[in-house]
Amino acid sequence: MGSCISAIGTANPVNRVTQQDAYQFMVDAFNLNPDHALRLKSIYENSGIDYRYTAVDDFNPHVPRANYQFFEPTPDLEPFVTTEKRLKLYQEKAVQIAIQAVNKCLKNFDEHIIQQITHIVTISCTGMYAPGLDIDLVEQLGLPRTTERICINFMGCYGAINGLKTADYICRANPTAKVLVVSTELCTLHFQKHNTLDNWVANSLFSDGSAAALIENTEHKLGTQPGLELESFYSEFMSESRNEMGWFIGNTGFEMKLTSKVSKQIKKHIKGVTERLLSKANLTTEQVGSYAIHPGGKKILEAVEEALELPEESNAFAYEVLREYGNMSSATILFVLQKMMHSGKLSGHNIVSYAFGPGLTVEGMALKMQ
């Protein structure tokens, strides 16, 4: 008796920003000279991203600096936004976007599905408070007050796979369980303007979004649409690469460390990780029909393709999500899986999926399209 993802819903803030507009904001915020502006432009133009979303209205190019509410309306944005102010906005906005994602996830179910939810798993690395997002969702969605709650925090881009893994364990142990997994990330709250390459790269990639998934035991499935069976999970971290990626709480928000070596380390290790994942899942390479790789950036997708000798089209859904949304940290892989489920083209496919984060950690899973 296994479990499956029966439905996925996604949502984003109302502010949709082109990559060109985001670039211009950064040039102004960093006060870059022409040479540095040209270097930054190359990063943005080669990111594989066309659009990103943000909960911060000030990033909207139609909002004049004099009307800024999040940043100070000064030429250098100083005094810079405190961690306290950033997390207050997270507390206000995260639950709104998460509820939209949940409603889209459950829209094709009977109206009584809300009362049948037994567990909720919330995932985020971009904000925390208590009573938290988990309790806010229970109250505002009208879930039973007896709903069991699990919070997965600060695990970075691979957090959603741990959320699915947790839901899978619950559904295998309790066949009648209905687990709502909700990943909500407001990455743009944590914009940093120290003039470093790490900040240039991070600011060129990250975006805001939420994704919700309903996980059920396959023998007690209420969903009538084809789902994704959760077959096997695999986790491994490379301690020698622990300093290549980090996420730290500072006085002006959460500060990202992201070196250029991340994609190189993934390229070096992903083939061996894949062999071990396939062995655990009792699959061969030939039996894998599709891949769902977390689009942490264009270089990461290319590193995986080169190491595993995959054609670019094998990971087309990840490129599509990257282009349309950017990197929404943990929520992103659920956006990719949703596109795969809605494509109607992958029936019976075995799928290998990965997400990456601090450690350097690789969280992987084998799925099968019903």
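**Entry 1: terms.** Before I start, a note to myself: helices and strands here are DSSP runs, with at least four residues for a helix and at least two for a strand, numbered from the N terminus. I also remind myself that this is a predicted model.

**Entry 2: the largest pocket.** I began with empty space, since rolling a probe the size of a water molecule over the atoms shows where such space is left. The largest pocket came out at a volume of about 630 Å³. I counted 27 residues in its lining, and Val201, Leu205, Leu258, Ser260 and Lys299 are the ones nearest its centre.

Which element gives the largest share of this lining? I found that α7 does, with five residues. I then listed the elements that each supply at least two: α2 (34-45), α7 (197-205), β10 (253-258), α8 (262-281) and α9 (298-308). Sorting the lining by class, I got twelve nonpolar, eleven polar and four charged residues.

**Entry 3: the second largest pocket.** Next I turned to the second largest pocket, with a volume of about 400 Å³. Its lining has 24 residues, and nearest the centre I noted Ser6, Gln225, Pro226, Met341 and His342. Two or more lining residues come from each of β1 (3-11), α3 (83-105) and α11 (332-343). By class, I have ten nonpolar, eleven polar and three charged residues in this lining.

**Entry 4: the cores.** From pockets I moved to packing. In soluble globular proteins, nonpolar side chains tend to be buried together. Here I looked up the largest nonpolar core and found 81 residues, with Ile5, Ile215 and Leu337 touching the most other members.

I picked Ile215 for a visit. Setting aside residues up to four places away in sequence, I found that Ile215 touches Ser3, Cys4 and Ile5, then Leu164, Ala167, Asp168 and Cys171, then Ala177, Lys178, Val179 and Val181, and also Leu230. Apart from that core there is another, of 53 residues, including Met26, Val95, Ala101 and Leu186.

**Entry 5: Thr184.** My last stop was Thr184, which sits in strand β6 (residues 178-186). Is Thr184 buried or exposed? Its relative accessible area is 0%, so Thr184 is buried, the cut-off being under 20%.

What does the side chain of Thr184 make a polar contact with? I found the side chain of Ser210, at 2.9 Å. Ser210 also appears in my contact list for Thr184, which leaves aside neighbours within four places in sequence: Tyr90, Ala94, Ala98, Ile123, Ser124, Thr126, Leu133, Gly209 and Ser210.

How values were computed. Residues numbered from 1 in each chain as written. Predicted model: local features only at pLDDT ≥ 70, side-chain atom pairs only at ≥ 80, totals over all residues. Heavy atoms only, no water. 1 Å grid on protein atoms, 1.4 Å probe; cavity = no way out; pocket = protein on both sides within 12 Å on 5 of 7 lines; lining within 4 Å. Points joined across faces, edges and corners; volume = space filled by probe spheres on them. Nonpolar A, V, L, I, M, F, W, Y, C, P; charged D, E, K, R; others polar. Core = buried A, V, L, I, M, F, W, Y, C linked by side-chain atoms within 4.5 Å. Buried < 20%, exposed > 50% of the residue type's maximum accessible area, 1.4 Å probe, protein only. Contact = heavy atoms within 4.5 Å. Polar contact = N/O pair within 3.5 Å; in protein donor to acceptor, adjacent residues only side chain to side chain.
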